[in-house]
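Here is a short walk through one protein chain, written for someone just starting out with structures. Keep the picture open as you read and look for each part when its turn comes.

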Amino acid sequence: MPKITRPDDCQPAKTLWFDRKKYVTVNFMVQNSKDLVVDIQDDKMILSCKTVDDINVYNEICFYEKIQKFDSRERQYDRTINVILRKVKENVAWPRLTKDTAKPSWLAVDFDNWRDWEQEEDEGRVEYENYMDMLHDMSKKGEAPVMDDLDDLDDD
């Protein structure tokens, strides 16, 4: 991969991200991008491209945690560049995308796709435990029901 250098006259793309159990998704809002180059490394990512108006776009993100670069992908669409990053530590929530606690002005959480999957798992566990308790209660055997009235059926 060729080294990506930051152009002098560049601007960052507006970027939305969201977290999942195994992946982090990053969406760069660049319409009709061209000359796209994406360098995904274990601890950071660099995106460089041009807009349809020949404006240089450059984003560099140092990740909160390490990712698996060989299992991460980017895809270019008409209005966005989507990047899926595979986490090294699965099932660990990322409180932010960047290592730095200061959030860049061009970066935001994609609340339309955000899910609090840690809480979902807890809710699912509670639901499962309630189900298991119900099954356990159903399996408790009390006295057998009296079925002497069933003899009346044979008289027909």
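## Charged pairs and their surroundings

Glu-90 is partly exposed, with a relative accessible area of 30%. Before going further, keep in mind that this is a predicted model. Glu-90 forms a salt bridge with Arg-86, and their closest N and O atoms sit 2.5 Å apart. What about the other half of that pair? Arg-86 has a relative accessible area of 16%, so it counts as buried. There's a third member too: Asp-71, Arg-86 and Glu-90 are linked in a network of salt bridges.

As a general rule, side chains of opposite charge can pair when their charged atoms come close. Searching the whole structure turns up six salt bridges. Three of them are set out here.

| Salt bridge | Closest N and O atoms |
|---|---|
| Glu-90 and Arg-86 | 2.5 Å |
| Lys-44 and Glu-60 | 3.1 Å |
| Glu-65 and Lys-89 | 3.5 Å |

Take the bridge between Lys-44 and Glu-60, with 3.1 Å between the closest N and O atoms. This pair links distant parts of the chain, as Lys-44 is in strand S5 and Glu-60 is in strand S6, 16 residues apart. Lys-44 has 21% relative accessibility, so it counts as partly exposed. Glu-60 is also partly exposed, at 34%.

Now find Glu-65 and Lys-89, whose closest N and O atoms are 3.5 Å apart. Here the link runs between loops: Glu-65 is in the one between S6 and S7, Lys-89 is in the one between S8 and S9, and 24 residues separate them along the chain. Glu-65 comes out as partly exposed at 25%, and Lys-89 as partly exposed at 48%.

Which charged residue is buried yet has no salt bridge? That's Asp-110: the nearest side chain of opposite charge, Arg-20, is 8.2 Å away. You'll find Asp-110 in the loop between S9 and helix H1 (117–139). Leaving aside neighbours within four places in sequence, Asp-110 is in contact with Leu-16, Trp-17, Phe-18 and Asn-27.

## How the strands line up

Leu-16, Trp-17 and Phe-18 bring us to strand S2, which covers residues 14–19. Five of its six residues are buried, so S2 is largely enclosed by the rest of the structure. S2 runs antiparallel to strand S3 (residues 23–29), and six bridges join the two. To get from S2 to S3, the chain goes through a hairpin of three residues. If you want a pair to look for, Trp-17 has Val-26 in S3 as its bridge partner.

S2 also pairs with strand S9 (residues 107–109), this time in parallel, through three bridges. There, Thr-15 is partnered with Leu-107.

Next, look for an open sheet of four strands with mixed pairing, in the order S1-S6-S5-S4. Its edge strands are S1 (10–11) and S4, each of which pairs on one side only. Within this sheet, S5 and S6 are antiparallel, paired over seven bridges. Ser-48 stands opposite Tyr-58 in S6.

Tyr-58 has another partner as well. Pro-7, from the segment before S1, touches Asn-56 and Tyr-58, not counting residues up to four places away in sequence. The C-alpha atoms of Pro-7 and Ser-48 are 8.9 Å apart in space, although 41 residues separate them in sequence. Pro-7 has a relative accessible area of 21%, so it is partly exposed.

## The nonpolar core

In soluble globular proteins, nonpolar side chains tend to be buried together. In this model, the largest nonpolar core has 22 residues. Those with the most contacts inside it are Val-26, Phe-28, Met-45, Phe-63, Leu-85 and Leu-97. S3, S4, S5, S6 and S8 each supply at least two residues of this core.

Phe-63 is a good one to click on. Leaving out residues up to four places away in sequence, the residues Phe-63 touches include Met-45, Leu-85 and Leu-97, along with Lys-44.

Phe-28, another of those core residues, is also in contact with Thr-80. Thr-80 lies in the loop between S7 (67–76) and S8. At 17% relative accessibility, Thr-80 counts as buried. Its side chain makes a polar contact with the side chain of Asn-82, at 3.0 Å. Finally, Thr-80 and Thr-15 are 65 residues apart along the chain, with their C-alpha atoms separated by 9.4 Å.

How values were computed. Residues are numbered from 1 along each chain as its sequence is written. This is a predicted model: local features need pLDDT of at least 70, side-chain atom pairs count only at pLDDT 80 or more; totals for chains, interfaces and linings use all residues. Side-chain values use heavy atoms; hydrogens and water are left out. Buried means under 20% relative accessible area, exposed over 50%, partly exposed in between (1.4 Å probe, protein chains only). Two strands pair if DSSP finds at least two bridges between them. A nonpolar core is a set of buried Ala, Val, Leu, Ile, Met, Phe, Trp, Tyr and Cys residues joined through side-chain atoms within 4.5 Å. Contact means heavy atoms within 4.5 Å. A polar contact is a pair of N or O atoms within 3.5 Å; within protein, one must be able to donate a hydrogen and the other to accept it, and residues adjacent in sequence count only if both atoms are side-chain atoms. Lys and Arg count as positive and Asp and Glu as negative; His and the chain ends are not counted. A salt bridge is a side-chain nitrogen of Lys or Arg within 4 Å of a carboxyl oxygen of Asp or Glu.
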